[in-house]
Amino acid sequence: MATKPPENDKPATPRRPAQKPDAAAQPPSDAADAPTKGEASRARAVPMDPKPTGLPAPSAAANAQRPVDADAEPRTAGEPTPRVAVEPSSPDEGRAPSGPARPASTPAPAQSQTPIEAERPSPEPTPEPTEATTTPPEFWPVDEHQVAEAVEEIPEPPAYPPHASLFIVHIAPEMAPVAKVGGLADVVFGLTRELAIRGNHVEIILPKYDTLRYDHIFELHEVFHDLWVPWYEAAIHCTVYFGFVHGRKCFFIEPHSQDDFFNRGSIYGFPDDVLRYAFFSRAAIEFLWRAGKHPDIIHCHDWQTALVPVYLYEIYQRLGMTHPRICLTIHNFAHQGVIGGELLRATGLHQPERFFDHHRLGDNRHPNALNLLKGGVVYANFVTTVSPRYAFETKDQGQGFGLEPTLHAHQVKYGGVVNGIDYDVWNPEIDHHLPVRYNLDSIDGKYDDKRALRHRLMLADNEKPIVAFIGRLDPQKGLELVRHAIFYTLERGGQFVLLGSSPDPAINADFWGLKRMLNDSPDCHLEIGFDDDLAHLIYAGADMMLVPSRFEPCGLTQLIALRYATIPIVRAIGGLADTVFDKDHSTRPLHERNGYVFEHYDQAGLESALGRGLACYYQYPEHFRELMKNAMRADYSWNRPGEDYLNIYDYIRDK
Ligand code: ADP
């Protein structure tokens with residue numbers, strides 16, 4: 001058994017002494033300079049301050065002091081050395097596929113902010129992106145010769161310097177495949193493995209839902225019987241289980257109370273959701289405390305676990321839990337966990353005058369409400385979202401659902417890291433869902449899969465390109481434009497395949513109506529439902545993948561499509577803008593251009609990108625093929641984000 005019962009589950013090697021700089025040991029809301037120090041923006045997650053000042057980049061010598069010790073248990077003693085790089089945030093500056101290491105730039109100015117100071121408008125507001133880099137005109141002429149003329153050296157992927165081994169605990173409401181609702185689940189699954197294979201000790205704490213996919217949990221057993229979690233004036237008895245999920249070490253917390261918090265047949269959708277996850281967050285940190293675990297890093301996800309840093313700095317630090325530092329990742333700002341004062345009574349935080357304060361948990365829009373996600377932003381040592389562009393949009397372009405001023409106040413510890421995808425699952429070279437597997441050298445295998453897709457969906461076998469859409473049928477995904485794209489593609493001599501579903505019966509009915517209308521078309525198939533197997537075949541068999549979202553924090557669809565040499569047609573927002581670079585208009589080197597991008601959410605915008613894609617397919621097939629190769633060469637594995645998160649962890653450890 002790889003793990004001991006939690007009572008004994010302490011790191012085997014001496015940990016870093018608990019004493020830290022005083023400032024860091026204070027709750028963020030009290031300690032002006034605690035987790036919001038200016039240096040926070042030195043972490044490689046693209047900081048939001050676009051005006052770096054002249055502080056020096058970390059030295060190579062400093063990095064060299066940190067040997068790899070893959071087998072070592074969590075922390076070593078000794079003075080940590082920040083190993084960070086920084087880069088200015090620009091909407092066109094996402095992760096460069098297979099590109100060289102980003103140059104270390106200079107960090108933001110060190111700031112000492114009290115929460116009150118911090119809420120003032122930034123003296124140097126982030127400038128709007130320039131037209132030249134972010135807003136290509138929708139109808140720029142296509143210069144097809146650009147691609148053909150380009151003979152470029154494709155740089156080697158970066159080699160990363162070593163990090164010290166850390167003890168990292170992820171506290172999350174979801175993890176694929178055992179408890180999955182959205183992309184958050186995939187991120188926890190993918191990132192935790194990446195961190196573990198880099199020699200870190202990684203554990204995950206999840207609720208023990210009745211809907212867990214137990215067929216993916218191995219050696220599940222009880223490890224902590226008597227966990228009593230304070231709740232209102234009493235405490236709820238919990239049992240903690242341990243099991244492996246595809247090699248990942250997972251603890252599952254099961255509360256025993258009349259509320260039956262996690263035995264409800266589904267993960268979300270209940271009137272007391274905010275209280276359910278406030279409880280889970282408290283239970284998770286209480287478990288760490290009672291089990292004697294002292295992780296270097298606690299990594300929380302979304303509003304559901306955003307109270308963990310609040311609990312740490314308001315309750316557990318006073319009890320002696322001074323070691324952990326907290327990273328919070330926000331996967332979608334649309335959901336924030338807003339609730340009234342009952343939260344304070346339930347959690348034992350009490351002190352309404354303290355927590356309703358605008359600089360702590362007081363909701364920015366509703367004066368009588370508390371906002372869990374806001375609390376996470378205020379109290380966490382570092383806050384990430386899932387792409388640099390979305391970080392910019394949420395802070396500066398009104399996409400923060402009310403949290404814009406809070407993000408501004410804490411911008412020095414806020415940045416974006418693009419998600420990775422799991423190349424063990426999404427890889428046409430080994431994908432067992434495909435009749436024919438292929439890679440860069442055997443890319444023609446894709447056309448066999450295209451035939452198989454047509455056969456499966458009873459589409460005509462002809463020379464036409466297949467344009468696909470896979471996704472939730474949610475307004476966020478740009479459903480009007482999806483609908484328009486279907487007819488536009490058919491008119492322009494293409495085929496269209498859609499795979500999607502919605503929990504909203506009205507939306508489903510709408511697409512069923514569309515399906516009936518197009519039923520006789522030999523060039524169109526709409527599949528209303530969720531079908532993972534078919535999704536793999538579509539990623540492989542389609543020529544283009546449409547993602548016309550209204551907003552998209554990161555987006556996995558375009559990343560998967562790239563891996564399968566399926567050219568993404570996307571709107572230039574969020575993670576889409578950070579990962580898809582327009583063949584004709586991007587400022588990127590030609591070998592990094594991998595799709596078609598449009599700016600404005602309207603039919604003309606969509607047609608400008610999709611039309612160019614279709615035209616290229618028909619008129620310049622050799623260029624289209626180059627684009628496919630560029631797409632396949634891009635590295636959107638967890639390799640780079642794993643490095644980015646380790647840089648963040650390294651940085652906040654020293655705060
Ligand atoms: P979001 O998290 O907003 O739903 P993402 O693009 O981040 O969007 O992730 C969506 C993931 O779900 C992708 O892996 C996509 O292939 C998959 N997916 C979405 N809808 C379906 C469906 N109907 N059938 C199969 N897979 C789907």
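# A first walk through the model

Let's start at one small spot: a polar atom in the side chain of Ser-521 sits 3.5 Å from the backbone nitrogen of Cys-524. A polar contact here is a pair of N or O atoms within 3.5 Å; within protein, one has to be able to donate a hydrogen and the other to accept it, and residues adjacent in sequence count only if both atoms are side-chain atoms. Ser-521 itself belongs to the loop between helix H15 (505-517) and strand E15 (524-528). Helices (H or I, at least four residues) and strands (E, at least two) are DSSP runs, numbered from the N terminus. Ser-521 also has a partner from elsewhere in the sequence: Leu-459 is 62 residues away along the chain, yet the two C-alpha atoms are 8.3 Å apart in space.

A word on what you are looking at. This is a predicted model, where local features need pLDDT of at least 70 and side-chain atom pairs count only at pLDDT 80 or more, while totals for chains, interfaces and linings use all residues. Residues are numbered from 1 along each chain as its sequence is written, and side-chain values use heavy atoms, with hydrogens and water left out.

## The whole chain

The protein chain has 21 helices and 18 strands. Of its 655 residues, 63% are buried. Buried means under 20% relative accessible area, exposed means over 50%, and partly exposed is in between (1.4 Å probe, protein chains only). The chain exposes about 23700 Å², with carbon and sulfur atoms supplying 54% of that. Such areas come from the Shrake-Rupley method with a 1.4 Å probe; for residues, only the protein chains shown count as cover. Now take the contacts (heavy atoms within 4.5 Å) between residues at least 6 apart in sequence: 77% of them join residues at least 24 apart.

## Around the ligand

What surrounds the ligand? There are 16 residues around it, and the closest are Arg-472, Lys-477, Gly-529, Tyr-539 and Leu-556. A residue makes this list if one of its heavy atoms lies within 4 Å of the molecule. By type, the shell splits into seven nonpolar, six polar and three charged residues. In that count Ala, Val, Leu, Ile, Met, Phe, Trp, Tyr, Cys and Pro are nonpolar, Asp, Glu, Lys and Arg are charged, and the others, Gly among them, are polar.

A few polar atoms come within reach of the ligand. One of its oxygen atoms is 2.8 Å from an N or O atom in the side chain of Lys-477, and a ligand oxygen lies 3.0 Å from a polar side-chain atom of Thr-557. A ligand nitrogen is 3.1 Å from a polar backbone atom of Asp-531. Taken alone the ligand would expose 560 Å², and the protein buries 89% of that. Strand E13 (466-472), strand E14 (495-501), helix H16 (532-541) and helix H17 (557-563) each give two or more residues to the shell. E13 gives the most, with three.

## Lysines and a buried helix

UniProt, in an unreviewed entry, puts a "binding site" feature at Lys-180. Such positions are given in the numbering used here, feature names are shortened, and annotations may be inferred rather than shown by experiment. Lys-180 is in the loop between strand E2 (167-171) and helix H5 (183-197), and its side chain makes a polar contact of 2.7 Å with that of Asp-186. Pro-177 is in the loop between E2 and H5 too, and the peptide bond from Ala-176 to Pro-177 is cis, with omega near -10°.

Lys-413 is found between helix H12 (404-409) and strand E12 (414-416). A polar atom of its side chain lies 2.8 Å from the backbone oxygen of Val-378. Val-378 is one of the buried residues of H10. Why is helix H10 (residues 372-379) described as largely enclosed by the rest of the structure? Because eight of its eight residues are buried.

## How covered are they?

Here are five loop residues side by side.

| Residue | Status | Relative accessible area |
|---|---|---|
| Lys-180 | partly exposed | 43% |
| Lys-413 | buried | 0% |
| Glu-592 | buried | 5% |
| His-246 | partly exposed | 39% |
| Phe-401 | partly exposed | 32% |

Glu-592 and Arg-588 are joined by a side-chain polar contact of 3.0 Å. His-246 has a positive phi, near 50°, and phi of Phe-401 is positive as well, near 50°. Most residues other than glycine have a negative phi, and most peptide bonds are trans.
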